[in-house]
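Colleague: I have a chain open here and some questions about how it is put together. Can we go through it?

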Amino acid sequence: MAVEPVKAQDVWKDVGKNVSFVVLKLRREDLASDQAAIAEFADRSQAIIRSMHIRAADDQLKVSIGFSRTAWDYLFPSVPVPKQLETYTTLQGPKYNMPASEGDIFLHVRAGSEATVYEVVRQFMVFLEPIATVVDETKGFRYFEGRAIIGFIDGTEAPGEYDAADYALVGDEDPAYENGSYAFAQKWLHDMDFWGKLKTEEQEKAVGRHKFDDLELEDGEKFHNAHNVAAKVEIDGEEQKIVRMNVPFSDPASGKTGTYFIGYSRYWSVTKAMLQQMVDMSDYLLTFSTIQSGQLFFVPSRDKLAEIADGELF
């Protein structure tokens, strides 16, 4: 059976003007109560989204809700786990690493106005706050021309809109979880003073593209560990793609500026291979960045969320 994008959550390349990423940890005080609360949340969250599409019709609200492997094992012990859902553990390279962090539930909310994002997260928390604690909330924004915070066009390597489903959505390789997606969330802090002191030509060699027009450099013009070299993975001679977004966030008064990376993929193994290669090659972006968090979540289809709401996975 072919994937059906209409049945998927919003795992598409669309940074949005205002973004909120929320990671929560279940308190695990009572399994039956937690399952009942998650069933209600699965149901009411979709009603909240439908309501906001009416209340803020021009805001292009998009929402994804995911569960980590630890949450899946706890909440849904009687059903099979999505085939590639695992607990992400720290990836090690010769010089840098990509640390793992805790988290059970993942929310990715983006829209044209901060008011819409706020209202969706506020209403979601009515149902989640009694059973879960917020581990991290990061508010992002759309930078000029949709660029990453380091000034380069974002998402060049991501598949186009009409091709994205084949790369983002689980297919018949895991029939029970078709139209779901593996979401990897990772928070980076950047030393913007270091980056800003580099000449434009050095920045371009570090990323592998021209800064102004986004044209890719010739291989001989890039640093050996340029980002678009380190993050490019081929299997059997074919380049692998995921839906990736690099969302800027900043608290400029405190000097904290970074990128929240979210990657949606049909196969976690592809995203993992990209990440491992980045640390193996000491991706230049790691030179001036500190990674603060990372965890894998499974974003079930809308149909699967309905099954959760009906108690069919407990």
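Modeller: Yes, and one term first: two strands pair if DSSP finds at least two bridges between them. The model is predicted.

Colleague: Start with the hairpin of E10 and E11, then. Which glycine there takes a positive phi?
Modeller: Glycine 255, with a phi near 75 degrees; the hairpin has 4 residues between its strands.

Colleague: How many bridges join E10 to E11?
Modeller: 9 bridges, with the strands running antiparallel; E10 covers residues 243-251. One of the pairs is aspartate 251 with lysine 256 in E11.

Colleague: What about E11 itself, is it enclosed or open?
Modeller: 9 of its 10 residues are buried, so E11 is largely enclosed by the rest of the structure.

Colleague: And how does E7 pair with E11?
Modeller: In the antiparallel sense, over 9 bridges. Alanine 183 has tyrosine 264 in E11 as its bridge partner. E7, residues 181-190, also pairs with E12, antiparallel again, over 10 bridges.

Colleague: Which residue of E12 does histidine 190 stand opposite?
Modeller: Serine 289. E12 spans residues 289-299 and is mostly covered, with 9 of its 11 residues buried.

Colleague: Back to the end of E11. Where does arginine 266 sit?
Modeller: In the loop between strand E11 (256-265) and helix H8 (268-280).

Colleague: Buried or exposed?
Modeller: Buried. The relative accessible area of arginine 266 is 17%, and the cut-off for buried is under 20%.

Colleague: What does the side chain of arginine 266 make a polar contact with?
Modeller: The side chain of glutamate 173, at 2.7 Å. There is also a polar contact of 3.4 Å between the side chains of arginine 266 and tyrosine 267.

Colleague: Which residues is arginine 266 in contact with, leaving aside neighbours within four places in sequence?
Modeller: The run Asp166, Tyr167, Ala168, Leu169, Val170, Gly171, Asp172 and Glu173, plus Tyr182.

Colleague: Different spot. What is the relative accessible area of phenylalanine 21?
Modeller: 0%, so phenylalanine 21 counts as buried. Its place is in strand E1, residues 18-26.

Colleague: What is phenylalanine 21 in contact with, again leaving aside neighbours within four places in sequence?
Modeller: Phe106, Leu107, His108, Asp136, Glu137, Thr138, Val247, Tyr260 and Ile262. For threonine 138, the C-alpha atom is 5.2 Å from that of phenylalanine 21, although the two are 117 residues apart along the chain.

Colleague: And tyrosine 118, how accessible is that?
Modeller: Tyrosine 118 has 48% relative accessibility, so it counts as partly exposed; the cut-off for exposed is over 50%. Tyrosine 118 lies in helix H3, residues 114-128. Its C-alpha atom and that of asparagine 18 are separated by 9.6 Å, with their positions 100 residues apart along the chain.

Colleague: On to the helices. Which residues of H9 are buried?
Modeller: Lys304, Leu305 and Ile308, in a helix of residues 302-309. Seen down the axis of H9, the buried residues fall within an arc of 105 degrees, so they line one face of the helix.

Colleague: What covers the buried residues of H9?
Modeller: The cover includes helix H1 (31-55) and strand E2 (62-67). Just after H9, glycine 311 takes a positive phi of about 80 degrees.

Colleague: Now H6. Which of its residues are buried?
Modeller: Gln203, Glu204, Ala206 and Val207; H6 runs over residues 200-207. These cover an arc of only 160 degrees around the axis, which puts them on the same side of H6. Helix H5 (192-197) and helix H7 (227-230) are among the elements that cover the buried residues of H6. Glycine 208, just after H6, takes a positive phi of about 95 degrees.

Colleague: Last topic, the whole chain. How many helices and strands?
Modeller: 9 helices and 12 strands. Of the 314 residues, 54% count as buried.

Colleague: What radius of gyration does the protein chain have?
Modeller: 19 Å, which agrees with the value near 20 Å for a compact globule with 314 residues. The C-alpha trace spans about 55 × 45 × 35 Å along its principal axes.

Colleague: What share of the contacts with a separation of 6 or more comes from residues 24 or more positions apart?
Modeller: 79%.

Colleague: And what area does the chain expose?
Modeller: About 14,100 Å², with 50% of it supplied by carbon and sulfur atoms.

Notes
Residues are numbered from 1 along each chain as its sequence is written. This is a predicted model: local features need pLDDT of at least 70, side-chain atom pairs count only at pLDDT 80 or more; totals for chains, interfaces and linings use all residues. Side-chain values use heavy atoms; hydrogens and water are left out. Helices (H or I, at least four residues) and strands (E, at least two) are DSSP runs, numbered from the N terminus. Buried means under 20% relative accessible area, exposed over 50%, partly exposed in between (1.4 Å probe, protein chains only). A polar contact is a pair of N or O atoms within 3.5 Å; within protein, one must be able to donate a hydrogen and the other to accept it, and residues adjacent in sequence count only if both atoms are side-chain atoms. Contact means heavy atoms within 4.5 Å. The arc is that of the directions from the helix axis to the C-beta atoms. The radius of gyration is taken over C-alpha atoms; the globule rule is 2.2 Å times the number of residues to the power 0.38. Accessible areas come from the Shrake-Rupley method with a 1.4 Å probe; for residues, only the protein chains shown count as cover.
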